[in-house]
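Got the viewer open? Set the chain to cartoon, keep the selection box handy, and let's walk through it stop by stop.

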Amino acid sequence: MCGIIGYVGKKNSVSYIIDGLKKLEYRGYDSAGISILQDGKLVTVRAVGKVAELEKATLQVSPKGSTGIGHTRWATHGKPSEENSHPHTDCSGEIVVVHNGIIENYLVLRDKLKSLGHKFKSETDTEVIAHLVEENLQHIRSGSNEEKLLKAVQRTNKEISGAFAYGVLWAKTPGLLIGVKNQSPMVVGMGKGESFLASDVPAFLKHTNKVLFLEDGEIALLRADGVNVLDKDGKTKKPKTIKISWDQQTAEKGGYPHFMLKEIYDQPQAIEDTLRTARTDFSKILGLDTAALRKLQDIHIIACGTAYHAGLVGKYYLEQFAGIPVSVDLASEYKYRTVPHKPGTLAIAISQSGETADTIGAIKKAKQLGFRTLAICNVLGSTLTRVCDSTFFTHCGPEISVASTKAFTSQITSMYALAISLGHANGNISTTAFDKLYKELMRMPKAMSEVVKMEYEVRHLTRKIYKSGRFIFLGRNVNFPIALEGALKLKEVSYRSAEGFAAGEIKHGPISIIDKQTPVFMLMPHDSLFEKMLSACQECRARGAFVVAITTPSGAAQAKDVSDKVLLVPSVSEFLQPILNVVPLQFLAYWIAKRLGCDIDQPRNLAKSVTVE
Ligand code: F6R
């Protein structure tokens, strides 16, 4: 994530930019910066921390100018620090860039630019854009400065790859701000005598509701008196504006009534962003060579809550693909149990926030035992990532809703990538098998964008069952942790009693709590355990339960015979199926909580990061 705002108009841009950044803080908040074009020179102020820190620093410098850009950062490359904060400049200090996304080939480009004499000041991928624009400008001889800048940006776009939305200012083109969009969001606001560029509408909604959503490959040229848009082939396009009717609060949630719902819908993008770095050599991340990897005897996974459930899914993956025995512990338990010291143990801590006290305490214990430690984490610079020997980042952007959704599916995705990579490196799976598994993994963003279409059906179903006092979730194998997660999600946001079990266990006790009309959710994709799940459906139905079968299309007919309602999830490979299966359960929790009038984004008694034991 990260938030961008730009202003070109007739007034002093500073307050517009600071105000816009505050509205974008939900997209990232580890550092922020601003560049204002004042009397032909760019004045840049940057500060670590929230936008309030930048505001204080800006007051001291007190820049003035009617063209400016700002950025609030959610670190992806390089720790949160002043040098790594945006805007980034070229060597001359005359070009500034703010960027949201990831430039995948930045290392190659940085080396090339360094060899051409460019001096880099940060560890970020963004800085290559500023230097590339500078480099390209030097080779463009004809045209006005505005034409030259546009050409340099077009050439730059051809050289960079990945997801990027960025804004550029050049001291020699006052009154012009250029915005570029490719896979990351970028919108333009058309005001009266002023134009805005931003990652999201709330940044400028106070000033104009006339909005233009840029498409991938498009470039916008913003001036006080209007905006020109070029399509991906460089041809001028008639800007298609729309009028936004959202109020400010709705706009911050991307038009959704709650962050939880927005974040459920964020999942296709979150998974895509996480996967961008997934074909990674995990042995490099872990700092272990092939010989050391082959000596890995044991893996301990440590986490809390939803992250623990992702760890449980990870165990199936690691044992299946890497052939290494795995134990999964609740961090609060790991810390206080006797953990035998065994050489060749890798401890993995999974955490969205990286600030969960129990997880940090447990991983410190693993370190004391001499184990190598890896964090799977969403927040760069967080305590956990500083404690662990290495980190793999889930790139799902800030998760605001207390109930975790997109972090969970990104964590499972990361565990899958880790498992196949370790399995390949230690020889447990062949290159052919690895390639096939990897290809299947890469199809997940698309499958995810299909599964989020289930909201309406799930919403409709909740009308019938939301008043029930107790809910049961059942699954087997990789879908057992999804049953636990479905129950946790529902408990958290709706305060209903909900329990998840391994389907084979119900006859050993839990079946006694099932009575007439108890909603029972069966996670039963049409896989090797499908028949067994059919039996579980019948056992529950015989006790009067209202059975909802969550299955894949080829299981629909049989599931229909033994259930009261069938929900169809797109079919993917058996081990990836849980990533999709959890989505209807997220919608379920959301809609039951909504019908019950609960505080969905901030449920009672809970906090987003639990920083105490
Ligand atoms: C559930 C939830 C919590 C967290 C848990 C760990 O929706 O949000 O159960 O998963 O507190 O938090 P992190 O992942 O930040 O360590």
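A residue counts as buried here when its relative accessible area is under 20%. Keep that cut-off in mind for the first stop, and remember throughout that you are looking at a predicted model.

**Stop 1: G9.** Select G9, in the loop between β1 (3-8) and α1 (14-24). Is G9 buried or exposed? Its relative accessible area is 11%, so G9 is buried. Now add G65 to the selection and draw a distance between the C-alpha atoms: the two glycines are 56 residues apart in sequence, and the gap in space is 9.3 Å.

**Stop 2: strand β6.** Select residues 95-103, which make up β6. This strand is mostly covered, with nine of its nine residues buried. Next, bring in its partners one at a time.

- Start with β5, residues 88-89, which runs antiparallel to β6 and is joined to it by two bridges. Pick T89 and you'll find V96 as its bridge partner in β6.
- Then follow the hairpin of β5 and β6, where five residues sit between the strands. Click on G93 there: this glycine takes a positive phi near 75°.
- Finally, show β7, residues 162-170. The pairing of β6 with β7 is antiparallel too, over nine bridges. For a landmark, look at V98, which stands opposite G167 in β7.

**Stop 3: the cavities.** Turn on a cavity display if your viewer has one. How many cavities of 30 Å³ or more does the structure hold? There are three.

Go to the largest, with a volume of about 70 Å³. To see what surrounds it, select C2, R73, W74, T76, H77, H86, H99, N100, G101, T124, D125 and T126. Which element gives the largest share of this lining? That would be β6, the strand from the previous stop, with three residues. Colour the lining by class and you get eight polar residues, two nonpolar and two charged.

The second largest cavity holds about 60 Å³ of space. Its lining is R476, N477, N479, L523, M524, P525, D527, L529, F530 and M533. Colouring by class here gives six nonpolar residues, two polar and two charged.

**Stop 4: the domains.** Zoom out and colour the chain by its domain assignment: domain 1 is 3-243, domain 2 is 254-442 and domain 3 is 452-599. Taken over C-alpha atoms, the centres of domain 1 and domain 3 are 46 Å apart.

**Stop 5: the largest nonpolar core.** Show side chains for Y317, L318, I348, F473 and F521. Of the 90 residues in the largest nonpolar core, these five touch the most other members. Then select helix α22, residues 577-595, which supplies the largest share of this core with 12 residues. With the domain colours still on, you can see that the core draws at least three residues from each of domain 2 (254-442) and domain 3 (452-599).

**Stop 6: I302.** End in strand β16, residues 298-303, where I302 has its place. What is its relative accessibility? It comes to 0%, so I302 counts as buried. For a last distance, pick I360 as well: I302 and I360 lie 58 residues apart along the chain, and their C-alpha atoms are separated by 9.4 Å.

How values were computed:
Residues numbered from 1 in each chain as written. Predicted model: local features only at pLDDT ≥ 70, side-chain atom pairs only at ≥ 80, totals over all residues. Heavy atoms only, no water. Buried < 20%, exposed > 50% of the residue type's maximum accessible area, 1.4 Å probe, protein only. Helix = DSSP H or I, 4+ residues; strand = E, 2+ residues; numbered from the N terminus. Pairing = 2+ DSSP bridges. 1 Å grid on protein atoms, 1.4 Å probe; cavity = no way out; pocket = protein on both sides within 12 Å on 5 of 7 lines; lining within 4 Å. Points joined across faces, edges and corners; volume = space filled by probe spheres on them. Nonpolar A, V, L, I, M, F, W, Y, C, P; charged D, E, K, R; others polar. Domains from an automatic or database assignment. Core = buried A, V, L, I, M, F, W, Y, C linked by side-chain atoms within 4.5 Å.
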